[in-house]
Amino acid sequence: MISHVLGLTFVCRDNDITDVIDETFTTTEERFGEIVTIELKPGGADIPVTQENKKDYVGAIVEYRISKRVNEQFDAFMAGFSELIPQDLINVFDERELELLIGGMSEIDVYVTFPCPFVIFLLTTTHVYQ
């Protein structure tokens with residue numbers, strides 16, 4: 001599933017990639033209009049992707065794109081969050097409780113949250129027209 005989302009389906013399947021894919025253990029991304037090459041492992045620019053190591057390559061791409069790419073931003077977020085709420089106060093909650101505290105309920109009852117006075121008036125009174 002993850003490999004499909006990342007466009008690596010051909011590499012992941014039992015396809016022989018010999019003489020088909022010319023990649024190394026690097027990836028590229030755009031940063032402020034400039035294309036930057038990132039090594040997925042030390043010396044990755046000199047390590048070709050082969051049939052034997054293609055699963056390692058896919059694993060390295062997935063790890064980079066899902067966790068390492070946003071690591072700097074996540075660390076900055078956590079530093080700012082920890083300034084607002086001390087870590088020892090957060091540790092008492094599990095991830096679901098913390099999500100509920102931060103984001104609130106995922107389902108909102110519109111009639112309870114935003115009651116319309118006119119509708120309530122109509123439902124609670126009767127009018128007799130002569």
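I began with the largest nonpolar core (buried Ala, Val, Leu, Ile, Met, Phe, Trp, Tyr and Cys residues joined through side-chain atoms within 4.5 Å), which has 11 residues: Ile 17, Phe 25, Ile 38, Leu 40, Val 49, Tyr 57, Val 58, Ala 60, Ile 61, Val 62 and Tyr 64. Its largest share, 6 residues, comes from helix 3, residues 54-66 (helices are DSSP runs of H or I, at least four residues, and strands are E runs of at least two, numbered from the N terminus).

I noted that this is a predicted model, in which local features need pLDDT of at least 70 and side-chain atom pairs count only at pLDDT 80 or more, while totals for chains, interfaces and linings use all residues. Residues are numbered from 1 along each chain as its sequence is written, and side-chain values use heavy atoms, with hydrogens and water left out.

I then looked up the aromatic pairs (ring centres of Phe, Tyr or the six-membered ring of Trp within 6.5 Å; planes under 30 degrees apart are stacked, over 60 edge-to-face, the rest tilted) and found 2 in the structure. The rings of Phe 25 and Tyr 57 have centres 5.6 Å apart and planes at 90°, so this pair is edge-to-face. It links distant parts of the chain, with Phe 25 in the loop between helix 2 (9-12) and strand 1 and Tyr 57 in helix 3, 32 residues apart. The rings of Phe 77 and Phe 81 have centres 5.8 Å apart and planes at 20°, so that pair is stacked.

I checked burial last (buried is under 20% relative accessible area, exposed over 50%, partly exposed in between, with a 1.4 Å probe and protein chains only): Phe 25 is buried at 1%, and Tyr 57 is buried at 7%.
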